[in-house]
Amino acid sequence: MPSNQIGWRKSLALSGVAVSALALQGCSTASSGAEGTTGIPATVQTISQEDKQLGAKAHPQLLSEFGGGVTGSASNYVETVGKNIAVQSGLSNARGDFTVTLLNSPVNNAFAIPGGYIYVTRQLTALMNNEAELAGVLGHEVGHVAAQHAQKRQKKAQRNSIIGVLGTVLSGVLLGDSGLGRLGQQVFSQGSQLLTLQYSRSQEIESDVLGIEYLRRAGYDPRAMATVLNSLARQNALEARLKGTSNRVPEWASTHPAPESRVPAALQRAGANATGITNRDAFLSAMDGITYGDDPKQGVVDGRDFTHPDLRLNFQAPDGFYMVNGTRSVSINGQSGKAEFTGAPYNGNLSTYIGSAFAALSGEGQAKISPGEIKRTTINGLPSAYATASVNNGQQTLEVVIFAYEFAKDKAFHFMTISPQGSSSTFSPMFSSMRRISAAEAAKVKPRKLDVISVRSGDTLQSLAAKMAFDDDRLERFLVLNGLSANDRLSAGQKVKIVTY
């Protein structure tokens, strides 16, 4: 969540632009043909001028949406690898036409937009273990460009579906296709609207095939596509277990084949005995010191606590709930409901603020309140107000609550919650926990970072895992981060990654 609360609710409507994610999705180009006799999908020769213009227009908006671009040596390294693998596609002027960006986002993600704009998050790069894996992920995205997947899919749909980035996280993925989930999609997709194109499973596999072929052409070990997909699958499973949910599908892959289902095919395509360079040491050196997890400038989730040192606030999620931090808002998720914490323009009137928040949710005329239904109170010294509306989604009646807090005459924040009728009190402890924090408390919030270290004689998996900057599941986090198993043995001088403050 960024420090500018106005920016949280700024709509990102990339009209006509297909945004793709590492499920792995793609972008569009100029012309195509049938799959060749080699089994490698046919690709185009150039990126169209129209797509270049679309990408150039959308690029600044996407940077804002995903926390901006990382600068420095790590970013330069990712850009170089991305441009090098793009050359393997055969697209004319690929090195000049592709723009590769390392995003300051704590979500495992990679995607592309028309015009050759390729993105990967720092969190996903932290999960990788060598340059070949990075090249494989970026090559997958280049593959969508070269295979013209976005344009092919758009021909099959009169209009792409508008899906809020947070709406996807909050409903379809975390709650599934339940009545609560579907309404949550409507409620929580208002602020961050992103035009996305849902690629077919066959297109995802095609891009895996192309990414593997690009790896082979560049001299990388083509098995890297399978190993990075396996790491993603393990990370998804770990996060699901830590969050107490059996849903292992990540927010960026909810409609696509799960990574674990693609590992065998990717390995078979690469060849179990394939060889090639991985450039592990160069990759680890480039990633050493990058931020891991939440950037304090966007707020930090620590268990049930959310603290934003720049905005000087803190709150606690209800017991049994977990949080997902985004650049625009924080989602709070549990079996009995969900919530979003965000901000909006404020003119000094909490009643108007709450009314506007409900109005933003009532596109279908579902959530309506009158001024008399807004109740005022004070929470930990903060002027506050709240209101509740009942919403029927055709299957059940749900309660939507807006609870707002005034932090200054021109600054306010609020929770939006949705839960089955009669159970909104689940969120009462969270509403009451909102408070200002002192400058001293804010100064104590430190970022986590990736620290690449060399194994010393006597080090064990357990002793290195004990250095991880987490209070729980340190060993499993360490193993997944390094692509290791509990039976692996370490050798002196071997480089591994840990997460420290």
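## Starting at helix α12

R269 sits in helix α12, which covers residues 259-270. This is a predicted model, and in it R269 is partly exposed, with a relative accessible area of 31%. R269 and P222 are 47 residues apart in sequence, yet their C-alpha atoms lie 8.5 Å apart in space.

## The chain as a whole

Stepping back, the protein chain has 18 helices and 19 strands. The chain contains 501 residues, and 55% of them count as buried. Its accessible surface comes to about 19700 Å², with 47% of that belonging to carbon and sulfur atoms.

How do contacts spread along the sequence? If you take the contacts between residues at least 6 apart in sequence, 70% of them join residues at least 24 apart.

## Helix α13 and its buried face

Next comes helix α13, made of residues 280-287, where F283, L284, A286 and M287 are buried. Seen down the helix axis, these buried residues fall within an arc of 160 degrees, so they line one face of α13. They pack against three helices, α3 (73-87), α5 (122-127) and α6 (131-146), and against two strands, β18 (448-454) and β19 (495-500).

M287 is a good residue to look up in the structure. Setting aside neighbours within four places in sequence, M287 is in contact with A74, Y77, V78, T125 and L450. Just after the helix, G289 takes a positive phi of about 95 degrees.

## Two nonpolar cores

M287 also belongs to the largest nonpolar core, which has 69 residues. Together with F98, L138 and F478, M287 touches the most other members of this core. Which helix or strand gives the most to the core? That is α6, with eight residues.

Apart from this core lies another, of 24 residues, including F321, M323, I379 and Y405. As a general background, nonpolar side chains tend to be buried together in soluble globular proteins.

## A buried aspartate in α4

D97 lies in helix α4, which runs over residues 94-97. Is D97 buried or exposed? With a relative accessible area of 14%, D97 is buried, because the cut-off for that word is under 20%.

The side chain of D97 makes a polar contact with the side chain of K52, at 3.4 Å. Not counting residues up to four places away in sequence, D97 touches I47, K52, S92, G115 and G116.

## Strands side by side

Four strands form an open sheet in the order β7-β8-β9-β17, with antiparallel pairing. At its edges are β7 (300-302) and β17 (435-436), each of which pairs on one side only. Within this sheet, β8 (residues 305-308) and β9 (residues 313-316) pair in the antiparallel sense over four bridges. One place to look is H308, whose bridge partner in β9 is L313.

Another antiparallel pair is β13 (residues 375-379) and β14 (residues 382-392), joined by five bridges. I379, named above as a member of the 24-residue core, has L382 in β14 as its bridge partner. The hairpin of β13 and β14 has two residues between the strands, and N380 takes a positive phi near 50 degrees there.

Methods:
Residues numbered from 1 in each chain as written. Predicted model: local features only at pLDDT ≥ 70, side-chain atom pairs only at ≥ 80, totals over all residues. Heavy atoms only, no water. Buried < 20%, exposed > 50% of the residue type's maximum accessible area, 1.4 Å probe, protein only. Arc of directions from axis to C-beta. Contact = heavy atoms within 4.5 Å. Pairing = 2+ DSSP bridges. Core = buried A, V, L, I, M, F, W, Y, C linked by side-chain atoms within 4.5 Å. Areas by Shrake-Rupley, 256 points an atom, 1.4 Å probe, with all protein chains shown as cover. Polar contact = N/O pair within 3.5 Å; in protein donor to acceptor, adjacent residues only side chain to side chain.
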